[in-house]
Structure formats: C-alpha cells, structure tokens
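Visitor: I'd like a close look at just one part of this chain, please. Pick a piece, walk me through it, and then show me how it sits in the rest.

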Amino acid sequence: MPLVRIEIIRGKSAEYKKTMLDCGQEGLMEAIGIVDWDRFQRIVEIDRADFETPPEKTDGFTIIEITMFQGRSREQKKALIESITAKLGERLGLAPTDVFIVMQEPPDENWGMGGKQRE
C-alpha cells in the first residue's frame, strides 16, 4: 500500500497527469509487486513562482515521494526508480534529470489504517 505524492508545476493537462499516475503505478507493480487496484496516489500542482528549482531544470521537473512499508531490498528500490523514470521519459518526454524520487519507510507503528495501528 504505497502512498505516492507527485509534485509538478501547475498547468499540465488531465491526460498528462493520468499518464504520470499510470507510470508510477506500473513502476510499483513491476518493481515491488503492487497490484493494480492498490492505488493511493495524488498529484499536487504548484504555481511556478512557488516551485523553486536549480536553473538547469525544466518546467517538467517532477518530485515523486513514495511512502511504503519497510522491507523492500535495495535492488527493488533501484528497479522502482529506474522503471518510473524510464516510463516518464518514454511517455511524457521527461528527461531523467527532471525526475526526483525519494522513498520513505516509516516503522509499522507509524501507520494507521481503518482506525488501527499496523502491527
């Protein structure tokens, strides 16, 4: 049940955003075995004036934060980063240098679902 937060500069089409979500989900499915219905993703659009980046980054610059349960191997995480980045390049023309991915793995006691703490 990864939680995916994608931050982009405001102004992309609905089709662009849906493709971005699909690229993320497909990467999760391929790299760490998430099933297709397990989609907890959101896109956050930020005005260009409020999205500061280094000067060499384009308006396609994208930050992807993936919060997931602990336990994935280094190789799975590498595969996830590479898969999502490749898909975004193939389908949306994003340069790998415009894709920034960070993963977080909070301990089980920091997860609450359905009013219960994960054990």
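Guide: Let's start at Gly93, the residue that follows helix H2, where phi is positive, near 75°. Keep in mind that this is a predicted model. Now step back into the helix itself. H2 covers residues 74-92, and those 19 residues should span 27 Å at 1.5 Å a residue; the end C-alpha atoms are 27 Å apart, so the helix agrees with what you'd expect.

Which side chains of H2 are tucked away? The buried residues are Leu80, Ser83, Ile84, Thr85, Lys87 and Leu88. Yes, Lys87 is on that list, along with Ser83 and Thr85. The cover over these buried residues includes helix H1 (14-32) as well as two strands, S3 (62-67) and S4 (99-104).

Now zoom out. The chain has 2 helices and 6 strands, and from the N terminus they run β-α-β-β-α-β-β-β. With a radius of gyration of 15 Å, close to the 14 Å the globule rule gives for 119 residues, the chain is as compact as a globular protein of that length. Its C-alpha trace spans about 45 × 25 × 25 Å along the principal axes.

As for burial overall, 36% of the 119 residues in the chain are buried. Contacts reach a long way along the sequence, too: of those between residues at least 6 apart, 76% join residues at least 24 apart.

On the outside, the accessible surface comes to about 7000 Å², with 51% of it belonging to carbon and sulfur atoms. As for charge, there are 17 positive and 22 negative side chains, and the centres of the two sets lie 2 Å apart.

Technical notes: Residues numbered from 1 in each chain as written. Predicted model: local features only at pLDDT ≥ 70, side-chain atom pairs only at ≥ 80, totals over all residues. Heavy atoms only, no water. Helix = DSSP H or I, 4+ residues; strand = E, 2+ residues; numbered from the N terminus. Rg over C-alpha atoms; globule rule 2.2 N^0.38 Å. Buried < 20%, exposed > 50% of the residue type's maximum accessible area, 1.4 Å probe, protein only. Contact = heavy atoms within 4.5 Å. Areas by Shrake-Rupley, 256 points an atom, 1.4 Å probe, with all protein chains shown as cover. Lys, Arg positive; Asp, Glu negative; His and termini not counted. Charge placed at Lys NZ, Arg CZ, Asp CG, Glu CD. Expected span 1.5 Å × (residues − 1).
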